[in-house]
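This report looks at how two protein chains are arranged with respect to each other and at a few side-chain pairings within them. The model is shown first, and the description follows.

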Number of protein chains: 2
Amino acid sequence: MPRNQEPTNANSGTETSGNNVPGTEPTPPPNDQLPNVELTFLLGMAFQLLLGEFTGRVAEAGYPDLRPVHGMAFQVLRGHGATSSELAERLGVTKQAAGQIVDDLEKRGYVRRQPHPAGGRRKLVVLTDAAHQHLAVAGRILHDVEAEAARGTDQQDLAPLRTELAHLIRALHPNAPLPPLRPVW
Amino acid sequence: MPRNQEPTNANSGTETSGNNVPGTEPTPPPNDQLPNVELTFLLGMAFQLLLGEFTGRVAEAGYPDLRPVHGMAFQVLRGHGATSSELAERLGVTKQAAGQIVDDLEKRGYVRRQPHPAGGRRKLVVLTDAAHQHLAVAGRILHDVEAEAARGTDQQDLAPLRTELAHLIRALHPNAPLPPLRPVW
DNA sequence: ACAGGTGAGTCAAGCTGCTTTACTTGCCCC
DNA sequence: GGGGCAAGTAAAGCAGCTTGACTCACCTGT
């Protein structure tokens, strides 16, 4: 999967700051623009940094061609499985898109389509052992990444952050079920 | 821009719970799954809910075909402008993609390409009045959305959330400049 | 002065992952 | 037993990015 003309990484130089001349800035952090950035973008940056680190490590762990959306699908299907339409709803995409994702995962041995117990035209999509194995690995990696991030922070616990986020989400999405986490913006 | 087969919205039913059998759950909120959701996904959900509300209102305000990436570009270009390569770097995409975005915005009258003062083959991309006008509108809308979200939360101030996020981002992206906010995951 | 190198910009083609349109099929129900 | 509904699927379209290959302006060294 070579990327010859890599999207510029905004992180090329190793120069840590630029104005870190000793004695010019008393105590507060250097030229930090973050406090001026809107909450929405802070959320986006944190999300993408975390997710990027996660998917990078998952790829290294032997799953180079499993995108985040596949992991989301696994989480939805874990347990009793689901139909592709239910999957579509949880993923926030059309049922055709969900069907394509299921096709893909089926071809690669991560899911199986079974006759649905409730009958009808429905088919129950369930995870194979390979998928459960992946879920275990990915879960461990995700918790590692989050734990490392927490350690890198001053506060030793990200629990308050979590509860504040939960409140924010409930305020924006009052109806009970989890909001979908869509594959694009 | 009709969406005949709308991506299912994960919010169809109004049924609040499903397992709200009286007497099974003592005092805490109903079947709230959020506490079990990983931090990374909480961030993603909050981000997408906020951004979705924002872009919806921006569209209603007369900018139906300006995507989030365009707003990001405007923010980068605001002030002294930038070259497309610099824009590419801040957006985390290839310079060709940045060039296409600039083409598009130029065609629609939001930016202009000027000869770059530093000469060379460089061109300075600067915002037109239309873009500055949009920035004013979008900025107001974004702050409205965030303020409403804050009001919907118990805590009357999202400042602590902001600082925790800033710390988290710095932990994940130690080098000074802002991390790019890429248009996809 | 001129060969080589470098970096910005751009043209053209390709591809991925989603949507749109349109259809088939099983079941329920009066 | 036909009408309606919901699940699934097939095929085409398309937006928005990447890859590849090139041009052009400037700088450098010898």
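The text below takes up the symmetry of the two chains, then the interface between them, and then selected side-chain pairs.

**Symmetry**

In this predicted model, chain B can be laid on chain A by a turn of 180° with a shift of 0.0 Å along the axis, and the resulting RMSD is 0.1 Å. This is the relation of a two-fold axis. Among the residues of chain B, the one that comes closest to the rotation axis is B:V184, whose C-alpha lies at 2.6 Å. The same surface serves both copies, in that 100% of the contact residues of chain B recur in chain A.

**The interface**

The contact between the chains involves 73 residues of chain B and 76 residues of chain A. The main values for this interface are collected in the table.

| Quantity between chain B and chain A | Value |
|---|---|
| Buried area | about 7,800 Å² |
| Share of the buried area given by carbon and sulfur atoms | 67% |
| Salt bridges | 0 salt bridges |
| Polar contacts (both residues at pLDDT 80 or more) | 12 residue pairs |

On the side of chain B that touches chain A, at least two residues each are supplied by α1 (39-60), α2 (68-77), α3 (84-91), α4 (95-107), α5 (129-152) and α6 (159-172) of chain B. The largest share of that side comes from α1(B), with 13 residues. By residue class, the side of chain B that touches chain A divides into 40 nonpolar, 23 polar and 10 charged residues.

**Salt bridges and aromatic pairs**

Although the count of salt bridges between chain B and chain A is 0, a search of the whole structure finds 14 salt bridges over all chains. Side chains of opposite charge can pair when their charged atoms come close. One of the salt bridges joins the side chains of B:E53 and B:R57, with an N to O distance of 2.9 Å. Because B:E53 and B:R57 are 4 residues apart in helix α1 of chain B, about one helical turn separates them.

The count of aromatic pairs over all chains comes to 2. In the pair formed by A:F74 and A:Y110, the ring centres are 5.6 Å apart and the planes stand at 50°, so the pair is tilted. This pair links distant parts of the chain, since A:F74 belongs to helix α2 (residues 68-77) of chain A, whereas A:Y110, 36 residues apart from A:F74, sits in the loop between α4 (95-107) and β1 (111-115) of chain A.

Notes
Residues numbered from 1 in each chain as written. Chains lettered and ligands numbered in written order. Predicted model: local features only at pLDDT ≥ 70, side-chain atom pairs only at ≥ 80, totals over all residues. Heavy atoms only, no water. Contact = heavy atoms within 4.5 Å. Buried area = accessible area lost by both parts, 1.4 Å probe. Salt bridge = Lys/Arg side-chain N within 4 Å of Asp/Glu carboxyl O. Polar contact = N/O pair within 3.5 Å; in protein donor to acceptor, adjacent residues only side chain to side chain. Nonpolar A, V, L, I, M, F, W, Y, C, P; charged D, E, K, R; others polar. Least-squares fit on C-alpha atoms with pLDDT ≥ 70 in both. Phe/Tyr/Trp six-rings, centres within 6.5 Å; stacked < 30°, edge-to-face > 60°.
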